[in-house]
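User: Hi! Could you walk me through this structure?

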Amino acid sequence: MTAKTDYSRNDDFFVNTADLSARRPPPRSKNAVVQFLKRPIVLVSIYLAYVVLLLINWDSLKNWLVDDILNRPAAEIGNGIEAMWLGFWIALPYLIYSIISAFAIQMRLGIPFFRNLDFLSDITQVVFLFAVVAGLYTLALNVMDNTQIPINWNVVQRQFPVEVSEGPDFNKEITWLKDIPLIGNTLADAIVLQPGTVTRSLITGVINTLRAVLLALIFSTVLGVFVGVGLLSNNWLVRNISTVYVEIFRNTPLLVQLFFIYRGLLGVLPTSPRDAHQFGDFYLSGRGLNFPKVLTTDTYSYFFVCVIAGLVVGAFLWRWRLKVQDETGKPANTLAWFSLAFVGLGAVGLGLAFALGGSPFKLDYPVLDRFNFSGGSRWSSGYLTLVVGLTFYTGAFIADIVRAGIQSVSYGQIEAARAHGLTSNQTLRLVVLPQAMRLIVPPLTNQYLNLSKNSSLAIAIGFYDLYNVATVVQNQTGQAVALFAILMGAYLVISLLISLLMNIVNRSLRLKTR
Amino acid sequence: MSESYHRPDETFYIAPKDAPPSRRPPALTIGPAGWLRKNLFSSVGNTLITVITVAVIAAFFYELITWSVAKAEWNVVNNTTRLMMVGLYPVDQIWRIELIAVLLVFLSGLGLGVWGGNARGFFITSLMIIIAALIIPIGAERIEAPPVRFLITPTDAIGPMLFVGDQGDTVRLAVEPIDDNAIANETAPFVGYIENSPGSSSSRALWNNAKAQVVAGSLDLTNYNLQLTVQLLDANGKVLEEQLSTPERRRVNFEFELPDDDWYYVQVLRDETGEAIYDTVDGVQLPIAPARSLPNTGYAWVRIDGVTTMSSQLTDVEQRTKKYGDVPAVQCPTATECRRLVLEENVRFEGARSFKAFLKTQLDPFLQEIIVSLIVGFAVMLTAYAIGNFAKQSRSPDSKKVVSRFTIIGWVVFFPLSWILLSGFEDPNSVHPFLRMPEVAQSLWGGLILTIVLTFVSLTVAFPIGILLALGRRSKLPIISIFCILFIEIVRGVPLITILFMAKFIVPYFAKSMSDTELLIRLLVGLTLFTAAYNAEIIRGGLQIIPKGQIEASQALGLNPFSTNLFIVLPQALRAVIPAMMSQSVSLFKDTTLVSIVGLFEFLGMIELIVNGQQIYRPYQREAYLFVGVIYFIISYIMSSLSRRLEESGAGTVRKMRKA
Amino acid sequence: MSEQSNSNGSGYIIECEDVNKWFGEFHVLKDINMKVKEREVVVVIGPSGSGKSTLIRCINRLEEHQEGKILVDGIELSNDLKNINAIRRETGMVFQSFNLFPHLTVMQNITLAQRYVRRRPRRDAEDMARQLLQRVGIPEQANKYPGQLSGGQQQRVAIARALAMQPKIMLFDEPTSALDPEMIKEVLDVMKELARSGMTMLVVTHEMGFAREVADRVIFMDSGRIVEIGTPEHFFENPSHERTKLFLSQIL
């Protein structure tokens with residue numbers, strides 16, 4: 001402190017003798033009240049309280065201007081004025097705040113408000129806020145005015161028959177560990193009318209979307225990884241075929257592919273189940289694929305418990321082997337130990353089930369009736385098309401991502417690993433893949449998101465996914481606004497879920513750097 | 001002595017004075033053999049993979065080629081080219097689209113000539129030529145209808161077959177007796193174009209039936225005694241001309257001249273004097289004996305040339321109805337019924353076709369479709385390129401400046417001009433007679449040209465919006481950035497089809513004045529906002545790679561934020577994202593197909609209309625969608641390889657500019 | 001000239017009084033008090049992370065300080081738009097990584113701000129640019145892009161670009177740190193010439209030779225505070241503070 005005083009006497013030379021330790025940054029204002037008010041949480045709560053108050057009193061406030069003063073102007077002009085009025089009230093606190101602080105600064109520091117950067121930013125935001133609120137609210141009011149059928153947000157509770165050709169069979173009771181199809185589906189097979197609430201139809205749509213998306217997601221990943229590796233194969237033929245596949249499927253619209261599969265491949269098959277192409281117990285016809293479904297029996301629970309036990313024991317063995325490797329340096333062979341436990345206990349379970357009453361599974365074969373198949377499981381041609389189309393389309397993108405990821409690992413890394421004596425398998429597993437995965441996961445997430453969004457093209461091929469169902473309901477009820485809000489919400493939720501899962505994966509892979 | 005130094009176990013070594021001559025590598029490591037070894041047979045597993053792959057590819061291509069040459073019916077493409085390219089755009093106004101295409105090609109050629117690099121030019125040139133070839137449908141109307149064939153049996157003849165004709169057209173019919181049992185084992189008669197008419201069952205089925213009988217020995221084709229009456233009827237069912245065939249075994253030709261522009265029928269009747277006696281043997285109905293004095297036995301082909309049947313060029317029905325009036329209802333209960341009869345009694349041609357026949361009936365019509373456009377496109381392109389290149393290489397710098405300025409102005413003018421050309425004027429009389437173009441309703445726009453309009457318009461409009469959104473998202477002002485983030489993320493989080501449906505169903509409610517907005521405009525708004533959100537993310541990526549120092553340097557020089565963005569940040573950021581924007585354009589180009597779901601007939605929508613809306617083309621879905629796929633593939637492949645080249649060459653990235 | 005433009009008449013063109021700055025919770029500048037006279041060359045040295053760069057970036061408001069007062073040519077730095085613009089016009093800045101605009105030619109780099117900030121006619125701006133390129137010794141590079149120049153040339157262009165705005169003060173933020181050794185000299189020569197011409201300069205550098213030769217005063221900073229200010233002779237020959245001695249013993 002003394003040194004500072006010395007220096008202020010316009011000394012040009014100076015030696016700092018004070019011991020200046022770091023301080024916390026100063027509060028923005030000296031006044032305790034202002035300081036409290038300026039905390040973001042306080043500001044936001046005050047503002048929210050204000051908005052709530054505003055909305056509660058909105059009717060009287062609105063009527064005061066629109067009815068009393070302006071005497072009810074014509075519809076859309078009235079909406080515009082009402083929206084601007086709301087915009088004004090919403091932006092008002094911020095406006096007042098910015099004026100007060102600009103005024104304070106002008107008093108304190110003499111910066112005129114029109115040159116005060118803070119004030120200029122504030123006022124820009126005020127104007128923007130006003131414009132956005134006014135614009136969006138005008139549109140909202142107009143939509144409410146112009147729709148012939150008033151918007152009814154309770155549309156989902158309406159009883160409404162929506163004809164959905166496939167979906168979960170709500171009438172069927174599923175008991176735990178029994179009658180669960182392990183392979184196949186519990187879906188209602190024939191075209192059924194599902195009278196029920198709109199909610200039920202939408203749930204059917206969600207389930208249909210999810211089962212198509214999940215299956216396509218798994219298949220496309222597998223296909224993409226294979227082709228991606230093929231793109232880097234040292235076999236010229238494999239490399240080029242993979243390239244051709246990727247280029248063809250990436251550069252053609254998905255919709256064209258879906259139409260080709262649906263109409264060009266499945267559509268030309270005989271529609272009558274009697275003429276279906278038969279491959280063993282699989283029947284492929286223009287209506288779809290019928291195949292045996294695997295059901296569980298009473299003894300399944302024994303098997304199930306053993307398999308779970310196998311998983312748990314396997315996991316323990318896995319960790320134990322890792323520990324052994326850490327301590328003794330012996331090879332871990334985790335996978336081998338894990339499979340040993342899993343398969344072993346699985347076999348025990350199977351044996352137990354047979355000993356106590358027969359096979360834990362039973363097969364339900366599709367049987368040709370007079371007109372249709374009964375029993376078994378059916379993938380409708382729409383579902384088949386959607387899954388196959390999404391798989392091939394997304395697979396092409398994933399292949400390229402996998403290729404790029406692996407290629408991004410510099411050759412020096414591989415050489416270094418080989419130079420240290422790692423086998424090519426170990427190099428791939430321990431050096432290349434961990435690095436490649438970090439580059440693969442983010443674009444892969446994008447592809448998964450695209451896949452889930454692209455599933456909405458089901459509407460073009462008559463598969464009742466969420467989107468198609470919503471469109472049907474919309475056509476029947478005329479509730480376009482409500483249904484599209486629900487639809488957008490649902491897709492956003494699906495997108496967010498996928499993002500969330502993939503972010504967790506991504507975080508676990510992230511390179512720890514400084 | 002020196003020999004010993006070459007021994008490896010020596011501790012010391014001095015190389016001989018003369019270095020040994022270079023040797024060739026082992027024979028199996030170089031040349032074609034080496035290549036094969038390295039690339040296909042490097043290990044046992046590799047060899048196995050190679051063999052399997054070769055087998056699979058061979059099988060696949062064998063199937064594909066036999067199918068597309070011998071079986072596929074490409075006339076679904078050949079007959080509908082115009083519809084696919086320009087939709088229902090009035091035929092007499094198509095010159096406007098042709099003009100746009102020529103302008104497009106000309107401006108591209110000019111631009112390539114003035115600025116273009118050589119390698120890039122190849123891609124763009126081919127792109128433009130193909131687009132031009134497809135858009136300029138000059139050859140569209142010149143295709144002659146392929147001959148129509150019917151099988152006439154003792155039991156089946158041809159009911160009225162509807163066709164349209166212009167005054168003076170000549171219709172030729174030929175009755176070709178089938179009197180050789182050997183023919184029955186060939187599929188040759190089916191080379192060509194098979195159709196069936198109402199009143200008869202399918203020719204194909206009949207023929208198969210007959211063949212089966214020949215093989216079984218229950219039918220003798222050499223026993224020919226079929227007497228036919230060939231009639232030409234006008235739209236009202238009045239017999240205009242009538243000719244009789246003789247029951248002799250020789251080809252008989254008929255010729256009719258059409259008196260007027262109108263609908264006509266052709267009808268072939270068996271001579272009723274000779275009616276066969278039928279019996280059912282093994283479930284097959286057979287004419288076992290000639291009945292009366294004139295035994296009516298035998299099979300014949302009736303081949304009709306020079307007519308455009310309703311079913312062979314069905315997609316023009318609307319146009320023809322305009323020109324010739326409604327489809328006549330003669331001899332059918334109702335017009336609809338008649339039409340249904342005409343349309344629905346068709347079978348798919350299933351016989352194998354010879355390669356020669358493929359060339360003649362499938363490929364040749366297609367080449368005829370595009371050859372004129374191709375030549376015109378090439379000519380315009382080359383001329384423009386020559387002009388541009390000449391200006392580029394000329395000594396006076398002014399000429400380059402003039403041409404490049406002209407090109408830029410040309411592109412700027414091109415888009416609004418194309419729009420005006422496409423839509424015309426609401427009141428053509430109010431403008432200069434030279435520009436008197438009648439309005440073409442947007443509902444008539446369709447086909448590939450609509451796809452291109454959708455792509456170009458939404459790309460150009462989305463570009464500035466994308467920039468604003470990207471800048472807004474990075475803004476320090478929280479309200480603006482939150483708004484931009486919300487907009488971008490919501491749009492990116494939902495499927496495009498939702499946005500298009502919104503645009504279709506909810507936008508009209510936004511204001512009363514919007515309720516009668518053309519669907520095209522509404523969907524364009526949806527597509528544009530969608531693209532803008534994606535563009536914004538790409539541009540944000542570009543903004544992020546601009547070093548902070550650039551902005552600081554600009555601030556230190558006193559440039560305000562607006563100038564900093566305009567002069568420093570955006571030019572660099574946009575250059576860096578050119579490849580990404582290109583792939584986004586490819587994606588948009590593919591996504592335009594979705595408007596077909598909400599009721600615009602762009603390229604895919606038009607094909608759907610053709611193959612699903614028109615019964616005659618319904619069996620040819622594979623051909624149609626393959627063709628569409630190939631066209632989409634060609635265009636987007638060119639676009640994406642362009643973007644890849646840009647990315648690889650590093651053109652447009654800051655990195656390249658940094659390199660010394 | 002200096003007395004007229006200097007509103008408070010103190011003869012100092014840069015004045016920092018009790019300047020404090022934090023990055024979040026991190027205290028980067030601690031009670032900085034420093035004054036620079038007109039036509040004076042002041043070199044700021046110190047170990048990395050000592051806040052040297054932050055200090056000079058505060059002086060043309062690339063960074064905002066939270067406490068204290070900075071006066072440049074009598075204008076106080078605050079959120080006043082007019083003052084910020086005025087100060088940016090008074091000060092030129094040269095960066096460690098040159099920060100030339102890679103998409104513009106050398107000529108465009110130098111004329112851009114003249115035309116859009118100073119609103120000079122294009123011809124005048126180009127004349128000025130040519131003169132300055134002559135002055136920094138690379139008149140022939142006007143139409144090249146920065147990427148085509150060597151580091152030393154780029155830095156000289158950056159100096160010319162800053163000078164084109166005719167600033168009263170030049171701020172140098174480690175102008176030679178990113179350069180190959182043989183290029184350092186050509187940049188230092190330009191800076192020396194600039195110093196001789198009477199430009200007020202505040203230079204952050206590790207070039208001790210330059211400091212010794214050109215500087216009127218040397219400021220030594222460590223962990224956010226000014227440790228010692230002195231003449232080069234005094235500073236290098238006979239430093240007062242222990243920290244300074246330690247620093248000099250490590251680098252010399």
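Analyst: Happy to; we can talk about a sheet and then a contact between chains. Keep in mind that this is a predicted model.

User: Cool. What's the strand order in the open sheet of chain C?

Analyst: The order is β2-β1-β4-β5, and the 4 strands pair in the antiparallel sense. At the edges sit β2 (26-37) and β5 (75-76), each pairing on one side only.

User: And how many bridges join β1 and β4 of chain C?

Analyst: There are 5 bridges between β1 (residues 12-23) and β4 (residues 67-72) of chain C. To find one of them, look for N20(C), whose bridge partner in β4(C) is E67(C).

User: What holds strands together anyway?

Analyst: Strands of a sheet pair through backbone hydrogen bonds.

User: Switching topic: how many residues does each side bring to the contact of chain B and chain A?

Analyst: Chain B brings 53 residues and chain A brings 53 residues. About 4700 Å² is buried between these chains, with carbon and sulfur atoms giving 71% of that area. On the chain B side, I479(B), Y509(B) and K590(B) lose the most area to chain A, together 14% of what that side buries.

User: How many salt bridges are there between chain B and chain A?

Analyst: The count is 1 salt bridge. R263(A) and E608(B) meet through their side chains in a salt bridge, at 3.7 Å from N to O. Chains B and A also have 16 residue pairs in polar contact.

User: Which helix gives the most to chain B's side?

Analyst: That's α22(B), with 12 residues. By class, the side of chain B touching chain A has 32 nonpolar, 13 polar and 8 charged residues.

Terms used. Residues numbered from 1 in each chain as written. Chains lettered and ligands numbered in written order. Predicted model: local features only at pLDDT ≥ 70, side-chain atom pairs only at ≥ 80, totals over all residues. Heavy atoms only, no water. Pairing = 2+ DSSP bridges. Helix = DSSP H or I, 4+ residues; strand = E, 2+ residues; numbered from the N terminus. Contact = heavy atoms within 4.5 Å. Buried area = accessible area lost by both parts, 1.4 Å probe. Salt bridge = Lys/Arg side-chain N within 4 Å of Asp/Glu carboxyl O. Polar contact = N/O pair within 3.5 Å; in protein donor to acceptor, adjacent residues only side chain to side chain. Nonpolar A, V, L, I, M, F, W, Y, C, P; charged D, E, K, R; others polar.
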